[in-house]
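These are my notes from working through one model, kept in the order in which I looked things up. I began with strand pairing and went on to sheets, cores and helix packing.

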Amino acid sequence: MSMVIRPPSAALLSTSTAPVANLSLCPKRTRNGATVRSRAASSSISTQPQPQPQPQQHKKQKGPDTHTPKAEGITPRSQDFNAWYLDIIAAAELADYGPVRGTMVIRPYGYAIWEFIQAYLDPIFKETGHSNMYFPQFIPYSFIEKEASHVEGFSPELALVTIGGGKELEEKLVVRPTSETIVNHMFTQWVHSYRDLPLMINQWANVTRWEMRTKPFVRTLEFLWQEGHTAHATEEEAEKEALQMIEVYHKFACEQAAMPVIVGRKSRAETFAGALRTYTIEAMMGDCKALQAGTSHNLGQNFSRVFGTQFTDENGQRQYVWQTSWAVSTRMVGGIIMTHGDDTGLMLPPRMAPIQVVIIPIWKKADEKGVILEVASNLEKILKAASIRVKLDESDLKTAGWKFNFWEMKSLIDMQGVPLRIEVGPRDVLNKSVVVSRRDMPGKDGKDFGISMDPSFLVVYIRDKLEEVQSALLARATAFRDSNIVNVESYEELKAAISEGKWARGPWAASDFEESKVKEETGATIRCFPFDQPPGNKACLMTGKPADEIAIFAKSY
């Protein structure tokens, strides 16, 4: 069955006039906030059978997100950040471009990173009372229309199915951009009494948003994510849930991805379409742009009112449920790449690396090969028995230097992430010792010589080294972030900080209009109002009026 993409008519993008409620849609502290900003025109997708075209070769996508990898290696990060990022993805075999512009094929190394994210988060979701399930990918367009701000926020990014089975559909179908509407439709059928609450579910799924300016992992037409949805009897329970889940994301980012994030509340203008408040974790990438790495939304009763999702409370009264939704996506993979990579190439934190150690056997003479491989194989078994993720490189077609460069690339960026390298040569076999090198510390500073092969010693040593690397990457990223945040007290200071490529942090109590002015004049947006707020009286950097909070401004992905 062939797929036909056609631009929709203006009528397809019009918002519903149905009455709806007024709307205004991370450390362990709490607080509100992101209109989904559209970057593309919506498209309708037809499944009408078409005449079979002649076979042809699909060309590589071209555009702002494409770049031909350098034959001689990776573009230095300091020279061209975007080219560096794309070089890494190609060279490390993380992903490739799909035949449809804006799509990507996630290759095994890249998907392994996503599996690590899943493996960490899924048990926590279950421990906190959530159950996994799955909702259909196709959503009636009338569902999207029911929530006015939701359709306004998402319309330009929708992919619409208008033909199925060779016939025009009676109602257009939306290819899932997010699931709040279909979830509410089903919650309405499942929730009847206070005894049915809380209802807490999660799904691992793909979503489609018709982006025109794409970047692998960071922004693509289709991406993978988890989306949690919950329904509660009270506003307090929903707020507690939204804050609990942003803290889960915060802990993951810091402790697993070694990605220091600022946790806070989005501004009204940046709040999710249809939510009361949006909470976010914001990370600084290596080019100082901000990445929204995860969000949690307190939806209030906005969706439950338009879908009629009600329950009978303990007093026999009918009430609307209070809801949340929260998600992280494969965007996190891009965030890990852009946080830790350097001019040499890739770097993955050990807890996210499916291969934590690579063993490189080195020999020059044919009669040395057998015994060195035997020793290296025994080391591999010792580390595997200790649940350390290790790979033995038995290839003998490349020089040792080539192997070193290959594994430094493959390990620390794509999820082939090898934080440590063990070298075993003829002299090491005689001395019953090995050489251990750290990816994050190139040269002699990162090498330890004469490390005993004794299993009891080697296992403890390797575990300790992996933890050292994990801590060092977090400390390095935190220092980089903190050195690139400027405290500002006036709009002129804010503009100066943004023009230098830094984040600006200052008091804010201005209007949505003035917030849009900042975006128009500087390209920066309010990333969040951090949960951690400094004490004392403050004056808004824009108006001079008293301000209760500071905000962080930055250019972003």
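Entry 1, a strand and its partners. I looked up β11 (residues 261-265) first and found that it pairs with β12 (residues 277-284) in the antiparallel sense, over five bridges; within that pairing, G264 has T280 of β12 as its bridge partner. I note here that the model is a predicted one. With β24 (residues 525-530), β11 again runs antiparallel, and the two are joined by two bridges, where R265 is matched with F529 of β24.

I then asked which residues of β11 point one way and which the other. V261, V263 and R265 lie on one side, I262 and G264 on the other, and all are buried. Because five of the five residues of β11 are buried, I record the strand as largely enclosed by the rest of the structure. As background to this entry, side chains in a regular strand alternate between the two faces of the sheet.

Entry 2, the sheet around it. I followed the pairing outwards and obtained an open sheet of 11 strands with mixed pairing, in the order β5-β9-β10-β16-β13-β12-β11-β24-β25-β23-β22. Its edge strands are β5 (131-132) and β22 (485-487), each of which pairs on one side only. Further along from β11, I checked β24 against β25 (residues 549-554) and found an antiparallel pairing over three bridges, in which I526 has F553 of β25 as its bridge partner. I also noted helix α8 (residues 331-340), which lies across β12, β13 (290-300) and β16 (322-329) and runs at about 145° to β13.

Entry 3, another sheet. Here I listed five strands in an open sheet with mixed pairing, ordered β18-β17-β19-β20-β21. Since β18 (390-392) and β21 (447-452) stand at the edges with a single partner strand each, one side of each is left without a neighbour in the sheet. Direction ignored, neighbouring strands of this sheet are turned by 25° against each other on average. I looked inside the sheet at β17 (residues 357-361) and β19 (residues 420-424), which run parallel and are joined by five bridges; I360 stands opposite E423 of β19.

Entry 4, nonpolar cores. How many residues does the largest nonpolar core have? I found 52, and those with the most contacts inside this core are Y85, L121, F217, Y249 and I281. Its largest share, nine residues, comes from helix α6 (residues 235-255). I then took F217 and, leaving aside neighbours within four places in sequence, listed its contacts, among them Y85, I89, L94, M104, I106, V333 and I337; R331 and G334 are also on that list. A second, separate core has 31 residues, including W363, V429, L466 and L473.

Entry 5, a helix pair. I last looked up α9 (residues 366-385) and α12 (residues 455-483), whose axes come within 10 Å and cross at roughly 65°; the crossing is right-handed. Which residues make the contact? On the α9 side I found L379, I382 and L383, and on the α12 side P455, L458, V459 and I462. Sorted by class, this contact has seven nonpolar residues, no polar and no charged ones.

Conventions: Residues numbered from 1 in each chain as written. Predicted model: local features only at pLDDT ≥ 70, side-chain atom pairs only at ≥ 80, totals over all residues. Heavy atoms only, no water. Axes fitted to C-alpha atoms, helices over the stretch in contact; angles between N-to-C directions. Helix = DSSP H or I, 4+ residues; strand = E, 2+ residues; numbered from the N terminus. Left-handed = near helix turned anticlockwise from the far one by under 90°. Contact = heavy atoms within 4.5 Å. Nonpolar A, V, L, I, M, F, W, Y, C, P; charged D, E, K, R; others polar. Core = buried A, V, L, I, M, F, W, Y, C linked by side-chain atoms within 4.5 Å. Buried < 20%, exposed > 50% of the residue type's maximum accessible area, 1.4 Å probe, protein only. Pairing = 2+ DSSP bridges.
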